[in-house]
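Let's take a look at how some side chains sit together inside a protein model. Keep the structure open while you read.

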Amino acid sequence: MDSWADILAPRQKLMIKEKASVIEAVTAMMGQEIEMANKYEIKDKETGEQLFFAVETGSCCKRQCQTVCPDCAPFSLDVMLTHEGRNEKVFKMEKPWSVACCCFNRPKVTIYDVLADAEIGSVTQPWMLCNMKFEVLSVGLMSVEQLE
């Protein structure tokens, strides 16, 4: 079977789509949103084929903190390889508690390869006033991609 790297290699672009939560939507309409575990489909943008599925794994209390102080609150996300009917956990993304204020001390999300038990990169938001750019870094801190 192909590894996650073999599956990603020929892809030019990926599309990440959050799956809506009915409970979140209803509680938001009532004025007090309750954060549920977010779920994401990760697809090949060209073909629409689902490659991965990601699920937020933090506790309920940690998720509620994201509504109050989203930059400071921790989160963790498990990413499963779903290509060709597989359901195999391949990545883990983690962001620890941090103190962030406006554009200072922006949080860092670390990405781990679960199968190799190794850090493979990170996603950061460089200090930029009123700018929503993200930088994907490899383990050697080499910039891989900038996202807007």
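## Rings, a core and a buried aspartate

F91 is buried, with a relative accessibility of 9%. Bear in mind that this is a predicted model.

F91 has company. The structure holds two aromatic pairs, and here they are:

| Pair | Centre to centre | Angle between planes | Kind |
|---|---|---|---|
| W4 and F91 | 4.7 Å | 65 degrees | edge-to-face |
| F52 and F91 | 5.9 Å | 45 degrees | tilted |

The F52 and F91 pair ties together parts that are 39 residues apart in sequence, because F52 lies in strand 3 and F91 in strand 5. W4 sits in helix 1, and its pair with F91 links parts of the chain 87 residues apart. Together, ring pairs join W4, F52 and F91 into a cluster. What about burial for the other two? W4 counts as buried because its relative accessible area, 19%, is under the 20% cut-off, and F52 is buried too, at 3%.

Now for the wider setting. The largest nonpolar core has 15 residues, and F52, V79, V90, F91 and M93 are those with the most contacts inside it. Helix 1 and strands 3, 4, 5 and 6 each supply at least two residues of this core. If you click on V90, you'll find W4, F52 and D113 among its contacts.

That brings us to D113, which is in strand 6. Which side chain of opposite charge is nearest to D113? That's R86, 10 Å away, and D113 is buried yet has no salt bridge. Instead, look at W4: its side chain makes a polar contact with the side chain of D113 at 3.1 Å. D113 also touches other residues, including F91 and I120.

Definitions and conventions: Residues numbered from 1 in each chain as written. Predicted model: local features only at pLDDT ≥ 70, side-chain atom pairs only at ≥ 80, totals over all residues. Heavy atoms only, no water. Helix = DSSP H or I, 4+ residues; strand = E, 2+ residues; numbered from the N terminus. Buried < 20%, exposed > 50% of the residue type's maximum accessible area, 1.4 Å probe, protein only. Lys, Arg positive; Asp, Glu negative; His and termini not counted. Salt bridge = Lys/Arg side-chain N within 4 Å of Asp/Glu carboxyl O. Polar contact = N/O pair within 3.5 Å; in protein donor to acceptor, adjacent residues only side chain to side chain. Contact = heavy atoms within 4.5 Å. Core = buried A, V, L, I, M, F, W, Y, C linked by side-chain atoms within 4.5 Å. Phe/Tyr/Trp six-rings, centres within 6.5 Å; stacked < 30°, edge-to-face > 60°. Lists of a residue's contacts leave out its neighbours within four places in sequence.
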